[in-house]
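Biologist: Could you take me through this structure? I should like to begin with how the chains meet and then turn to the sheet.

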Amino acid sequence: MTTVPRKPFDKSQVWLRTVLLLLTGVTLYTLMQLSAPDLDQKLALMADNFRLMFSESHFKHLTLLEGLYGIAITLSLAIQTTLIGALGALMLGLLAARNLAPHWLTSIIKSFVALIRAIPTILWVLIFAVSAGLGSTAAVIGMTFHTVSYLTKSYSESFEEIEPGVIEALRGCGARWWQIVFQAVLPTSLHPILSWTFIRFEINFLNAVAMGAAAGAGGIGFDLFMAGGHYLDFREVGMITYLIIAVSMILESSSIQLKKRLEL
Amino acid sequence: MELLEIRDVSKIYNRQTVALSNISLNVGEGEFVSIIGPSGAGKSTLLRCINRMIDPSSGAVFFQQNRIDQLPKKKLRQVRTQIGMVFQHYNLVNRLTVFENVLHGRLGYKSTLAGVLGYYDSFERRAAYEILAALGLQEQVFKRCDQLSGGQKQRVGIARALLQRPKMLLCDEPIASLDPSSSKIIMDHLQRISREMKITCLVNLHQVDVAIKYSDRIIGIRNGEVVFDGPPAQITPLIIEQIYGTEAHELILSLETLQPGQKSPVKQSEVAHAAC
């Protein structure tokens with residue numbers, strides 16, 4: 001009878017299992033340490049608040065038209081930061097793609113944008129608020145900053161997925177770098193680029209909502225903040241939430257439509 | 001004066017893997033040369049050392065009196081316009097049309113801006129159309145490349161190379177991914193290009209029978225060295241064994257019975273043409 005040889009020792013597997021085991025242990029320990037004497041009461045209160053918010057939603061301090069105006073402001077904040085960010089990221093993404101730029105340059109740009117990405121958008125906005133003051137300027141700069149680094153990473157990875165042969169073929173024709181970028185790289189990666197940009201647009205819309213509340217950038221986020229924190233009107237909070245969800249869903253479905261058209 | 005002269009070219013990867021060792025070759029104008037040899041013998045590396053997609057480690061490459069391995073970037077780009085390249089996987093920009101892909105062959109002659117914007121004058125457009133028509137692709141001109149069959153894609157690849165108005169074509173296993181009938185069409189086109197347009201063809205091949213049928217001259221490479229260089233008529237089972245080693249001997253021997261002038265086992269009929 002033949003025996004199947006033992007699988008060779010795999011260091012990474014061992015590490016993976018150790019880490020997973022450790023995390024499971026920590027989770028179990030934390031769950032056991034939880035103590036909440038009046039948990040059921042609190043849960044009931046929460047359920048009641050949710051009911052108020054979402055089944056008795058209404059407009060009171062705000063009309064529907066004003067709500068839509070807030071949405072428009074928030075959307076334009078998202079569009080502006082995404083557009084400026086995408087333009088910057090396009091250039092940086094080309095220079096960060098290993099198949100298009102020298103190795104030293106790609107590593108510098110990649111580690112730089114990773115550093116920016118490691119800090120959340122809201123922190124960048126607050127950092128810029130120090131120099132520009134709380135308000136829409138800080139929000140635009142901070143959100144753009146984070147968008148550039150996010151899109152640089154995704155764009156450069158899309159560029160790197162291009163078949164090396166295509167670039168080789170054009171270099172073999174005597175084409176220059178810019179010609180290769182516009183004639184081969186961009187047409188080939190158009191689809192992932194638009195896809196990433198749209199995802200970032202959706203993220204930026206939600207960021208813009210949060211910035212309205214947290215950084216005083218205006219828009220629907222500020223209205224939400226006023227309804228919840230100032231007027232303490234949960235029903236209006238619910239209505240505004242519905243509005244935001246509706247817009248998100250419209251964005252989602254239009255991005256799907258866009259992708260469908262591009263497939264053809 | 002020879003069109004291409006390769007003198008003592010070696011290529012060593014990572015200071016240890018020897019891909020080519022002291023290759024010397026002369027190739028004349030209009031010659032159809034096949035390079036055969038086992039996978040990893042250095043065929044692709046040799047082709048790419050000629051237009052310097054890969055820099056040789058040592059030796060010299062002369063093309064039309066230009067010493068390619070020492071050319072500065074700008075001059076190298078000019079020389080590259082004179083050398084067309086055809087690939088196993090076609091290497092077309094799939095999302096663009098056939099026409100746009102063929103016109104890419106002109107990029108080396110254009111200003112950066114015109115190339116970036118994809119602006120081509122009427123001469124270039126007419127030349128591109130004529131080449132496509134000559135290759136039997138007039139119906140496909142405005143189709144997107146990802147809608148074509150493998151054989152059609154390879155013809156687009158050839159059209160792109162021809163629009164460069166090259167002196168020489170480097171073909172890196174042009175039929176390795178194609179079925180027999182498409183392969184025959186591609187090889188026939190390449191043969192016509194070398195005979196009628198006097199364009200030198202250097203073709204890497206895996207199929208010994210195809211090499212024998214089409215070439216003026218065959219170069220056998222093994223482990224980065226030239227082990228055979230001569231006309232197809234001189235290929236014998238012994239030489240096949242020298243190139244490919246004893247293992248492959250028997251398999252190739254059956255194909256080997258084919259001599260130049262004989263028909264290939266592929267039925268060359270209308271069926272083949274209709275298929276593409």
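Modeller: Between chain B and chain A there are 7 residue pairs in polar contact, both residues being at pLDDT 80 or more. A polar contact is a pair of N or O atoms within 3.5 Å; within protein, one must be able to donate a hydrogen and the other to accept it, and residues adjacent in sequence count only if both atoms are side-chain atoms. This is a predicted model, in which local features need pLDDT of at least 70, side-chain atom pairs count only at pLDDT 80 or more, and totals for chains, interfaces and linings use all residues. Residues are numbered from 1 along each chain as its sequence is written, chains are lettered from A and ligands numbered from 1 in the order in which they are written, and side-chain values use heavy atoms, with hydrogens and water left out.

Biologist: Which helix gives the most to the side of chain B that touches chain A?

Modeller: α4(B) does, with 4 residues. Helices here are DSSP runs of H or I with at least four residues, strands are runs of E with at least two, and both are numbered from the N terminus.

Biologist: How many residues does each chain bring to the contact?

Modeller: Chain B brings 28 residues and chain A brings 22 residues, contact meaning heavy atoms within 4.5 Å.

Biologist: And which residues form a salt bridge?

Modeller: Arg48(B) forms one with Glu168(A), and their closest N and O atoms are 2.4 Å apart. The term requires a side-chain nitrogen of Lys or Arg within 4 Å of a carboxyl oxygen of Asp or Glu. The count between chain B and chain A is 1 salt bridge.

Biologist: Now the sheet: what is the strand order in chain B?

Modeller: It is an open sheet of 4 strands in the order β2-β1-β4-β5, with antiparallel pairing. Two strands pair if DSSP finds at least two bridges between them. The edge strands are β2 (17–27) and β5 (66–67) of chain B, each pairing on one side only.

Biologist: How many bridges join β1 to β4?

Modeller: There are 5 bridges between β1 (residues 4–13) and β4 (residues 58–63) of chain B. Ser10(B) is opposite Ser58(B), and Arg7(B) is opposite Ala60(B).

Biologist: What lies in the turn between β4(B) and β5(B)?

Modeller: These strands form a hairpin with 2 residues between them, and Gln64(B) in the turn has a positive phi of about 50°. Their antiparallel pairing has 2 bridges, and Phe63(B) stands opposite Asn66(B).
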